[in-house]
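Subject: Structure for your review

Dear colleague,

Please find below the structure that I am handing over to you. A summary of the findings comes after it.

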Amino acid sequence: MAELGALWIVRHGESTANVAATAAEASGAELIELTHRDADVPLSPTGEDQARATGRWLAGLPEARRPDVAVVSPYLRAVQTAELALAGTGIPVSRDERLRDRELGILDGLTGHGVRRRYPTEAERRSRLGKFYYRPPGGESWTDVALRLRALLGDLRRDHEGRRVLLFGHDALVFLLRYLVEGLTEPELMALTREYVIANCSVTGWSADADGRLTPDVFNDVAHLRQQGARPTREDEVHAEPV
């Protein structure tokens, strides 16, 4: 099977929805105060700083380590992160809707408390089915997102064999790429989601080993942000897991 030379994914910088979600959860509110639809949520000023810091880190990589191409989620917060991070690098960029965030359907914009109050049967159904297979009405399960990511990986491997590919996306995608690239089991994947919160502008990556197989390099790493003077944030993505 054709394989990439390296693969990275950067979670988008802190968004205005991240900030609103943190405030809503802290206050016990049912609804998150959102002014944009999910696809149009922009970066916060902190998120812009994080994206620029990621760009300074990318610009400082040796030529043999720099990405050859970048592929970006069409959601505004990811597009803005990529634009700021890739400015002046000359790395060619394309967008792919398969990198969009997980869609939550009727649960979109609700806090965990809001879901339990307004949709108690959905909260019970999620508890019974488990995080991996639960699909909210009008939304996606983790397995749905894995299917579109699996198709994207197949295309990347075919079109960019031996090349270094950089993705810009969302927190659920970071976990699911580990599941797909490393062949994790469902329990291993779910254990990761319980143990870690994917930081804004963190880097997760894999490099081809001597046999040409992608092996883990870094996971949820924010050292580049500290080195470049940006403040790492670890707020949960508002559209990640409200139940």
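The notes below cover the cores, one helix and the annotated site.

This is a predicted model, in which local features need pLDDT of at least 70 and side-chain atom pairs count only at pLDDT 80 or more, while totals for chains, interfaces and linings use all residues. Residues are numbered from 1 along each chain as its sequence is written, and side-chain values use heavy atoms, with hydrogens and water left out.

The largest nonpolar core (buried Ala, Val, Leu, Ile, Met, Phe, Trp, Tyr and Cys residues joined through side-chain atoms within 4.5 Å) has 32 residues, of which L7, L167 and L176 touch the most other members. Two or more residues each come from strand 1 (6–11), strand 2 (69–72), helix 6 (142–159), strand 4 (164–169), helix 7 and helix 8 (186–195). Helix 7 gives the largest share, nine residues. Helices (H or I, at least four residues) and strands (E, at least two) are DSSP runs, numbered from the N terminus. A second, separate core of 16 residues includes A6, V10, A70 and F168.

Beyond its neighbours within four places in sequence, L176 is in contact (heavy atoms within 4.5 Å) with F132, W142, V145, A146, L149 and L189. V181 lies in helix 7, which spans residues 171–182. With a relative accessible area of 13%, V181 is buried; buried means under 20%, exposed over 50% and partly exposed in between, using a 1.4 Å probe and protein chains only. With the neighbours within four places again set aside, V181 touches L7, L153, W206 and L214.

In helix 5 (residues 120–129), the buried residues are E122, A123 and R126. They lie on the same side of helix 5 because they cover an arc of only 100° around the axis, taken from the directions from the helix axis to the C-beta atoms. Helix 4 (112–118) is part of what covers them. The face turned away from this buried side carries the exposed residues T121, S127 and R128. Just after helix 5, G130 takes a positive phi of about 90°.

An unreviewed UniProt entry annotates R11, H12, G13, E14, S15, T16, A17, N18 and R77 as "binding site"; such annotations may be inferred rather than shown by experiment. E14 sits in the loop between strand 1 and helix 1 (16–27) and is buried at 4% relative accessibility. R77, in helix 3 (residues 76–86), is buried with a relative accessible area of 0%.

Yours sincerely
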